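Got the structure open in your viewer? Let's walk through it one selection at a time.

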Amino acid sequence: MRRILILTEYDGTHFAGLQRQRPGLRTVQGELERILPEIGALPKAVAAGRTDAGVHALAMPFHFDLPGRIPTEKIPEALNRLLPEDLKVLAAREVAPDFHARKDALWRAYLYRVLLRPHPSPLLRHRALWIRHPLDHAAIQEALAYLPGRHSFLGFAKEEVRAGERELYEARMEEVEGEAGRELRFYFRGQSFLRGQVRGMVGTLLEVGLGKRSPESLRLILQTQDRSQAGPSAPPQGLYFLEAAYPPKKLTPR
């Protein structure tokens, strides 16, 4: 029995989210588990995190167990022949037998894309949030400075029942020239994230940029943990799961 780590890339537009749900709802986990037995693997795939409907991933880790003899280097090709066009495997490696894609993650990172131009882009309508109004970049940078560190992020979360304290290692923004014009790209890296936390933070930061609230209001949200004090959740299409990191010893077969 081998434990296999794969990195997956997917377009979340036509998925009801990552996690397996009730019958009839198409999910990333459901699609992957459906075809694992066809390469001789057990039909259970565990992800590093979760993404909601419409959210994308550039390198989402999953682990599964493989009693079959297929060589590890052949796994991506074998799976990609069976997977739909909006979900593909980028890489595979054998890892420690007790490796766990979710529990062993040292950190996870997310990206949020905002397209800044006078008119919407039909090409990016499922891949970035379009904003036509000018944004105050300096105010957003000031607000971002409140986020790194250990806080309760319940004020930004959605339908969360877990304890809200998390460590956010990095929160930054950069302006780039994207494929369809100027973009703001928000980058968040942390130990773990609450449900809806990233979209809640981005929605609030955009209100700062639009002059609808002060940068200091983010400190109040962190202190009160009151979701009603924050801005609306940013739409899902601009959000991407970027990557996760693991201890080297967990990435080595024993």
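## Start at Phe186

Select Phe186 and show what surrounds it: not counting residues up to four places away in sequence, Phe186 touches Tyr110, Leu111, Tyr112, Val114, Ile140, Arg172, Met173, Val202, Leu205 and Leu206. Keep in mind as you go that this is a predicted model.

Which strand are you in? Phe186 has its place in strand S9, residues 181-190. Now switch on a surface and ask: is Phe186 buried or exposed? It is buried, with a relative accessible area of 0%.

Next, pick Leu111 from that list of contacts and draw a distance. Phe186 and Leu111 are 75 residues apart in sequence, yet their C-alpha atoms sit 5.6 Å apart in space.

## Widen out to the cores

Phe186 is a good way into the largest nonpolar core. That core has 71 residues, and Phe186 is among those with the most contacts inside it, along with Leu79, Leu147 and Phe188. Which element gives the most to this core? Colour helix H4 and you have it: H4 supplies six residues. There's also a second, separate core of seven residues, including Trp107, Ala109, Leu111 and Tyr240. As a rule of thumb, nonpolar side chains in soluble globular proteins tend to be buried together.

## Follow the strands

Now select strand S3, residues 56-66. Of its 11 residues, 10 are buried, so S3 is largely enclosed by the rest of the structure.

Who are its partners? Work through them one by one:

- S1 and S3 run antiparallel and are joined by eight bridges. To see one pairing, select Arg3 and its bridge partner in S3, Asp65.
- S2 also pairs with S3 in the antiparallel sense, over two bridges. Here, look for Ala47 with its partner Phe62.
- S10 runs parallel to S3, and two bridges join them. His56 has Tyr240 as its bridge partner, and Ala57 has Phe241.

You've met Tyr240 already, as a member of the second core.

Stay on S10, residues 239-245, for a moment. This strand is mostly covered, with six of its seven residues buried. S10 has another pairing to show you, with S5: the two run antiparallel, joined by six bridges. Select Arg108 and you'll find Ala244 of S10 standing opposite.

## Hop over to Thr8 and helix H1

Back in S1, residues 2-10, click on Thr8. Thr8 is buried, with a relative accessible area of 1%. What does it touch? Leaving aside neighbours within four places in sequence, Thr8 is in contact with Ala57, Leu58, Ala59, Met60, Phe62, Leu87, Lys88 and Val89. Two of those names, Ala57 and Phe62, came up in the bridges above.

Now find helix H1, residues 28-35. Why is H1 called largely enclosed by the rest of the structure? Because six of its eight residues are buried. Highlight Val28, Gln29, Glu31, Leu32, Glu33 and Ile35 to see them. These buried residues pack against S1, S3, helix H2 (75-80) and strand S4 (87-95).

## Finish with the pockets

Last stop: the pockets. Begin with the largest, which has a volume of about 630 Å³. To centre your view, select Ala48, Gly49, Arg50, Arg162 and Phe193, the residues nearest its centre out of 28 in the lining. Strand S2 (46-47), strand S5 (107-116) and helix H4 (197-209) each supply at least two lining residues, and H4 gives the most, with three. Colour the lining by class and you'll get 12 nonpolar, eight polar and eight charged residues.

The second largest pocket has a volume of about 170 Å³. To show its lining, select Leu129, Ile131, Gly203, Leu206, Glu207, Leu210, Lys212, Pro232, Ser233, Ala234 and Pro235. By class, these are seven nonpolar, two polar and two charged residues. Which element gives the most here? H4 again, with three residues, while strand S6 (129-131) also supplies at least two.

One name closes the loop: Leu206, part of this second lining, is also one of the contacts of Phe186, where you started.

Note on methods
Residues numbered from 1 in each chain as written. Predicted model: local features only at pLDDT ≥ 70, side-chain atom pairs only at ≥ 80, totals over all residues. Heavy atoms only, no water. 1 Å grid on protein atoms, 1.4 Å probe; cavity = no way out; pocket = protein on both sides within 12 Å on 5 of 7 lines; lining within 4 Å. Points joined across faces, edges and corners; volume = space filled by probe spheres on them. Helix = DSSP H or I, 4+ residues; strand = E, 2+ residues; numbered from the N terminus. Nonpolar A, V, L, I, M, F, W, Y, C, P; charged D, E, K, R; others polar. Buried < 20%, exposed > 50% of the residue type's maximum accessible area, 1.4 Å probe, protein only. Pairing = 2+ DSSP bridges. Core = buried A, V, L, I, M, F, W, Y, C linked by side-chain atoms within 4.5 Å. Contact = heavy atoms within 4.5 Å.
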